[in-house]
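Me: I want to go through the labels attached to this model and ask what each of them rests on. Please set the value against the cut-off each time.

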Amino acid sequence: MIWKKKGKFFDPTIDKLANHIVEFAQSPQTIVFDDFIRVYFSTRTRDEKGAYLSHIAYIDVDLNFERIIDFSKKEVIGLGHLGTFDEHGIFPISPFKDEDKLYAFTCGWNRRISVPVETGIGLAISNDNGATFQRIGKGPILASSLLESVLVGDGFVQKYEEIYHMWYIFGTKWIPETENEPVARVYKIGHATSTDMINWTKEEGKQIVSDILNENECQALPTVIKIKDTYHMYFCFREATDFRKNPERGYRLGYATSKDLINWNRDDEKGGLFKSQKVSDWDSEMMCYPHIFTANEKVFLLYNGNEFGKFGFGVAELISE
């Protein structure tokens with residue numbers, strides 16, 4: 001895959017579009033309309049105790065991904081009720097258009113005591129062309145289970161031959177804290193199918209993309225597109241510990257292909273997207289949270305850079321494959 005990086009596109013610390021978007025534009029994901037592209041992302045506020053809360057916002061851009069033409073001016077979807085799976089944040093939100101209806105798969109976060117967080121996947125529907133979404137219920141459609149006991153999230157859905165396919169992540173364990181490291185999570189990419197988007201069938205605990213670092217490799221944000229007769233998956237991966245400030249252990253992009261949606265062959269070098277070699281660049285230390293999509297007969301990939309998207313997201317355009 002040969003890409004042209006077009007640079008950072010949106011920076012909430014610079015592009016002051018709305019008062020509630022001041023930093024972070026994480027996990028940009030799109031719905032393509034007839035004459036514009038809507039990009040949803042997670043931004044952050046702080047609660048009364050100073051802890052982060054993730055909220056959803058969006059910008060609208062032209063079909064060539066060159067300029068911002070509008071942005072969200074009201075709450076896209078509120079946080080969950082007291083004690084629910086998405087009480088403390090939604091990150092990411094993955095919009096999905098099915099015929100004439102617009103849905104969103106949400107990753108809800110709620111805080112814990114012994115570990116920082118637990119996550120689950122929810123489903124919402126829009127009745128105003130994606131300006132806002134309403135939950136179909138207060139609970140998740142996919143959450144921890146017998147063999148996937150923690151951290152189910154990052155649901156990304158495509159429909160092939162009348163079957164809904166979801167790629168998601170599930171936690172395999174928490175690594176206890178040490179003198180130098182806080183408690184750390186490990187998660188892998190899984191796959192589920194459905195005929196109604198509510199009831200999902202999965203192979204419990206099956207990791208579909210191989211590790212290249214070690215058994216504690218963390219894999220996140222799978223995104224899939226079909227080009228000709230091949231399915232292409234991008235995702236991000238990192239070491240489980242010492243990843244926040246150490247670029248050698250932080251997020252970078254992974255890549256795998258499949259012919260049957262079951263067996264995936266990983267080859268990150270063929271993915272063609274790598275951290276910038278220029279130290280001052282916005283994506284020199286980290287590349288994470290990819291999203292691949294087609295618009296105006298072009299294939300684009302959005303992604304976050306240094307500091308997990310604190311300074312926004314950029315775009316690359318596929319030149320050849």
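Reply: The model is predicted, and the turns below take salt bridges, burial, strands, cores and aromatic pairs in that order.

Me: Why is the contact between Glu321 and Lys228 called a salt bridge?

Reply: The closest N and O atoms of the two residues are 3.5 Å apart. A salt bridge requires a side-chain nitrogen of Lys or Arg within 4 Å of a carboxyl oxygen of Asp or Glu, so the pair of Glu321 and Lys228 meets the rule. By this rule the count comes to 20 salt bridges.

Me: What parts of the chain does the pair of Glu321 and Lys228 link?

Reply: The parts are distant: Glu321 is in the segment after β20 (313-320), while Lys228 is in the loop between β14 (218-227) and β15 (230-238). The two residues are 93 residues apart.

Me: What makes Lys228 exposed and Glu321 partly exposed?

Reply: Lys228 has 68% relative accessibility, and exposed means over 50%, so Lys228 counts as exposed. Glu321 is at 45%; partly exposed runs between 20% and 50%, so Glu321 takes that label.

Me: How do you know that Asp242 and Arg249 form a salt bridge?

Reply: Their side chains meet at 3.9 Å, N to O, and the limit is 4 Å, so the pair counts. Both residues are partly exposed, Asp242 at 34% and Arg249 at 24%.

Me: Is the salt bridge of Arg266 and Asp268 between buried or exposed residues?

Reply: Buried means under 20% relative accessible area. Arg266 has 15% and Asp268 has 13%, so both are buried. The closest N and O atoms of this pair are 3.0 Å apart.

Me: Which residues are linked in a network of salt bridges?

Reply: Asp98, Lys159 and Glu162 are linked in such a network.

Me: What makes β14 and β17 edge strands?

Reply: The open sheet has four strands in the order β14-β15-β16-β17, with antiparallel pairing. β14 and β17 (265-266) each have a single partner strand, so one side of each is left without a neighbour in the sheet.

Me: How do you know that β16 pairs with β17?

Reply: Two strands pair if there are at least two bridges between them. Two bridges join β16 (residues 252-258) to β17, so the requirement is met. Ala256 stands opposite Arg266 in β17.

Me: How many bridges join β14 to β15?

Reply: Eight bridges join these antiparallel strands. Gln219 has Phe237 in β15 as its bridge partner. The hairpin of β14 and β15 has two residues between the strands, and in this hairpin Lys228 takes a positive phi near 60 degrees.

Me: Why is β14 called mostly covered?

Reply: Nine of its 10 residues are buried, and buried means under 20% relative accessible area.

Me: What makes Thr43 buried, and which backbone oxygen lies 3.0 Å from a polar atom of its side chain?

Reply: Thr43, in strand β3 (residues 37-46), has a relative accessible area of 1%. Buried means under 20%, so Thr43 is buried. The backbone oxygen is that of Glu23.

Me: Why is Pro92 called buried?

Reply: Pro92 has a relative accessible area of 3%, and the cut-off is under 20%, so the label applies. Pro92 is in strand β6 (residues 90-98). Not counting residues up to four places away in sequence, Pro92 touches residues including Gln29, Phe105, Cys107 and Leu221. Pro92 and Gln29 are 63 residues apart in sequence and 8.4 Å apart in space, C-alpha to C-alpha.

Me: Which residues touch the most other members of the largest nonpolar core?

Reply: That core has 45 residues, and Trp3, Trp167, Met233, Tyr251 and Trp264 touch the most other members. Another core, of 18 residues, lies apart from it; among its residues are Phe10, Ile21, Phe313 and Val315.

Me: Why do Phe10 and Phe313 count as a tilted aromatic pair?

Reply: The structure holds 26 aromatic pairs. In this one the ring centres are 5.8 Å apart and the planes are at 50 degrees. Rings pair with centres within 6.5 Å, and planes neither under 30 nor over 60 degrees apart count as tilted, so this pair is tilted. Phe10 lies in strand β1 (residues 2-10) and Phe313 in strand β20, so the pair ties together parts that are 303 residues apart in sequence. Phe10 and Phe313 are both buried.

Me: Which residues form one aromatic cluster?

Reply: Phe91, Trp109, Phe243, Tyr251, Tyr289 and Phe308 form one.

Methods:
Residues are numbered from 1 along each chain as its sequence is written. This is a predicted model: local features need pLDDT of at least 70, side-chain atom pairs count only at pLDDT 80 or more; totals for chains, interfaces and linings use all residues. Side-chain values use heavy atoms; hydrogens and water are left out. Buried means under 20% relative accessible area, exposed over 50%, partly exposed in between (1.4 Å probe, protein chains only). A nonpolar core is a set of buried Ala, Val, Leu, Ile, Met, Phe, Trp, Tyr and Cys residues joined through side-chain atoms within 4.5 Å. A polar contact is a pair of N or O atoms within 3.5 Å; within protein, one must be able to donate a hydrogen and the other to accept it, and residues adjacent in sequence count only if both atoms are side-chain atoms. Contact means heavy atoms within 4.5 Å. Rings of Phe, Tyr and Trp (its six-membered ring) pair if their centres lie within 6.5 Å; planes under 30 degrees apart count as stacked, over 60 as edge-to-face and the rest as tilted.
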